[in-house]
Amino acid sequence: MNFKPIICLFIAAGFLNSNTIYAQKQKDRVKEMMENLSKDELIKHLSIIAGDEMEGRKTGEAGQKMAANYIRNIYKSLEIEALPGTDDYFQMVPSDAMKRMFSPKLNDSENVVAYIKGSEKPDEYLVISAHYDHVGIANGEIYNGADDNGTGTTALLELARMFKIAEKNGNGPKRSMVFLHCTGEEYGLHGSRFFVNSKIIPLEQIVADLNVDMIGRRDFTYQKNKKEYIYLVGSDKLSTELHDISEAMNKKYTNLVLDYTYNDDKHPEMIYYRSDHYNFAKYNIPVIFYYSGEHADYHKPTDTVDKIDFDEMLKRTQLIFVTAWELANRNERIKLK
């Protein structure tokens, strides 16, 4: 009897089985990390960032600078480094770079930028962005901006915490992760435009931008609907591969309703052009914008922490995490159309 084919069959079966076990371990690890994202951390940070003491975080004003210092101190406490080229996490955005017709003159401000160096592909970068500014005080009332965009700001801090835990456990991202907190968004996407134009990172080395802006409420459409959802904008505009990855990660881990209403080029709200991701998309960098929609408290002093649905916010943050994890760790960077 010829034993060689049988031996080869056993070897092949063992190889396939080991690959299956490895894949299962990888899947479980991602799921475990996703489930360890903390609602309590979200509540803790948002309560401070959208608290009255931040005075509505108007660009260039004292409250915005208090928020910038708070964000920087969190990254220091997490032992996450400043992006090289910044001044201790701050990228200064001068007043002259934030001029816009019919907008108020803004004081000098700063983006806050932290990063985790990739373990295998350090010169490829995945950016996760959110603006942390809001509109300040008007008529004696503080516009706290809990949802806009305290929620995105807080989600970034929690995502960064989990990626850093992974790194400390010897399972850090293969690509470098950049956590970009933009200033000046409310007055013209100024901070993200300055970041991109500064080329502090070579633009051709940015794999994608995942932008988070208002993920803590239910909008008018879903107010009476119990479905868990998120609006996605831009995922298919520059990279079909990015869109497919996003869909696959949601199906595998979170099962949210992915609503593409605002992704329509003809939608009157023109959301694709109205948040910080657009300054990346202009340079053919693939983007996804995560958004839970407009509500009755949008740009009002009633946009406060007590209105935030933290369970929904956490689920949306989980989707962003698993998508970011896949983009940071897959063998090949996503391709443009």
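# Questions on a Protein Chain

Reader: Is Ala130 buried or exposed, and what is its relative accessible area?

Author: Ala130 counts as buried; buried means under 20% relative accessible area, exposed over 50%, and partly exposed in between, with a 1.4 Å probe and protein chains only. The model is predicted: local features need pLDDT of at least 70, side-chain atom pairs count only at pLDDT 80 or more, and totals for chains, interfaces and linings use all residues. Residues are numbered from 1 along each chain as its sequence is written, and side-chain values use heavy atoms, with hydrogens and water left out. The relative accessible area of Ala130 is 0%.

Reader: In which strand is the place of Ala130?

Author: Helices (H or I, at least four residues) and strands (E, at least two) are DSSP runs, numbered from the N terminus. The strand in question covers residues 121-131 and is mostly covered, with eight of its 11 residues buried. Ala130 belongs to strand S4.

Reader: Which residue of H4 does Ala130 contact, given that this residue is joined to Asp148 by a cis peptide bond?

Author: Contact means heavy atoms within 4.5 Å. Leaving aside neighbours within four places in sequence, the contacts of Ala130 include Gly152, Leu180, Val212 and the residue sought. The cis peptide bond at Asp148 has an omega of about -5 degrees, and its other member is found in helix H4. That residue is Asn149.

Reader: Which strand is joined to S4 by eight bridges?

Author: Two strands pair if DSSP finds at least two bridges between them. Five bridges join S4 to S8 (residues 206-212) in parallel, and Ile128 has Leu210 as its bridge partner there. The eight bridges lead to a strand of residues 175-182, also in parallel, where Ser129 stands opposite Leu180. This strand is S7.

Reader: Which residue in S7 is the bridge partner of Ala114?

Author: Strand S3 (residues 109-116) has eight of its eight residues buried. Ala114 points from S3 to one side with Glu110, Val112 and Ile116, while Ser109, Asn111, Val113 and Tyr115 point the other way. Five bridges join S3 to S7 in the antiparallel sense. The partner of Ala114 is Phe179.

Reader: Which residue of S3 stands opposite Phe90?

Author: S3 also pairs in the antiparallel sense with S1 (residues 81-82) over two bridges, where Glu81 is matched with Tyr115. With S2 (residues 90-93), S3 forms four antiparallel bridges. Opposite Phe90 stands Val112.

Reader: Why do the buried residues of H2 lie on the same side of the helix, and what arc do they cover?

Author: In helix H2 (residues 39-49), Leu42, His45, Leu46 and Ile49 are buried. Their arc, taken from the directions from the helix axis to the C-beta atoms, is narrow enough to put them on the same side of H2. They pack against H3 (62-77), H4 (146-168) and H8 (310-329). The arc they cover is only 100 degrees.

Reader: How far apart in space are Val305 and Asn144, C-alpha to C-alpha?

Author: Val305 has its place in the loop between S11 and H8. Not counting residues up to four places away in sequence, Val305 touches Leu46, Ser47, Ala50, Ala146 and Phe310. Val305 and Asn144 are 161 residues apart in sequence. In space, their C-alpha atoms are separated by 8.3 Å.

Reader: What is the relative accessibility of Met214?

Author: Met214 has a positive phi of about 75 degrees although it is not a glycine. Its place is the loop between S8 and S9 (229-233). Met214 counts as buried because its relative accessibility is 4%.

Reader: What is the radius of gyration of the chain?

Author: The chain has eight helices and 11 strands. Its radius of gyration is close to the 20 Å that the globule rule gives for 337 residues, so the chain is as compact as a globular protein of that length. The radius is taken over C-alpha atoms, and the rule is 2.2 Å times the number of residues to the power 0.38. The radius of gyration of the chain is 21 Å.
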